[in-house]
Structure formats: structure tokens, C-alpha cells
Amino acid sequence: MTSPIKSNTLPLKTDCIGKCHRLKGYCTGCGRTSEEIFDWIILSDSEKKAILETVRHDN
């Protein structure tokens with residue numbers, strides 16, 4: 001019996017901290033737009049990385 005191939009990389013997880021509130025078009029918790037939050041599950045890892053590198057925080 002062969003074992004499944006293990007990946008050294010984990011899928012990118014959301015940076016949601018569970019304190020969602022929209023202000024000026026962005027979530028005050030994670031800094032993403034509503035569209036970015038909604039589309040998160042269908043985005044590629046490279047798209048997610050780009051979003052995570054450009055999130056905005058007004059705090």
C-alpha cells in the first residue's frame with residue numbers, strides 16, 4: 001500500500017480575525033474589500049498572496 005504524497009505547502013488561509021465591519025469600502029478586521037472576501041474561496045494562491053500583500057487597514 002502506498003501512502004499519499006504529502007505537500008510541503010499549506011493552502012493560504014484567510015486573514016480574517018472575526019471582527020468584520022466595513023468602513024470606507026474595506027473590512028476593519030482584515031482590510032479586504034467585500035469582493036475580495038466573497039471571492040476568496042475561488043481565487044488562486046497567487047491571487048490570494050497579492051491581496052494579502054495589499055490589504056488596507058484604517059486602524
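These legends walk through a predicted model in a few close-up views. Residues are numbered from 1 along each chain as its sequence is written, and side-chain values use heavy atoms, with hydrogens and water left out. Local features need pLDDT of at least 70, side-chain atom pairs count only at pLDDT 80 or more, and totals for chains, interfaces and linings use all residues.

**View 1. The overall fold runs β-β-α-α along the sequence.** Two helices and two strands make up the secondary structure of the protein; these are DSSP runs numbered from the N terminus, helices being H or I over at least four residues and strands E over at least two. Of the 59 residues, 20% are buried, where buried means under 20% relative accessible area, exposed over 50%, and partly exposed in between (1.4 Å probe, protein chains only). About 5,000 Å² of the protein is exposed, with carbon and sulfur atoms supplying 58% of it; such areas come from the Shrake-Rupley method with a 1.4 Å probe, and for residues only the protein chains shown count as cover.

**View 2. Confidence varies along the chain.** The mean pLDDT, the predictor's confidence in each residue from 0 to 100, is 77 for the protein, and 73% of its residues reach 70 or more. Helix α1 (residues 34-39) has the highest confidence, at 92, while β1 has the lowest, at a mean of 84. Over residues 1-8 the pLDDT is below 50, and beyond near neighbours in sequence this stretch has zero contacts in the model; a contact means heavy atoms within 4.5 Å.

**View 3. K24 sits in the loop between β1 (22-23) and β2 (26-27).** Have a look at the backbone here: phi of K24 is near 55°, a positive value in a residue other than glycine. K24 counts as exposed because its relative accessibility is 71%.

**View 4. C27 and C30 are each other's closest cysteine by sulfur position.** Their sulfurs are 4.0 Å apart, too far for a bond, since a disulfide is a pair of cysteine sulfur atoms within 2.5 Å. The disulfide count by this rule is therefore zero. C27 is buried at 2% relative accessibility, and C30 is buried with a relative accessible area of 2%.

**View 5. R32 lies over the face of W40.** The distance from the ring centre is 4.8 Å. A charge sits over a ring if NZ of Lys or CZ of Arg is within 6 Å of the ring centre and within 35 degrees of the ring normal.
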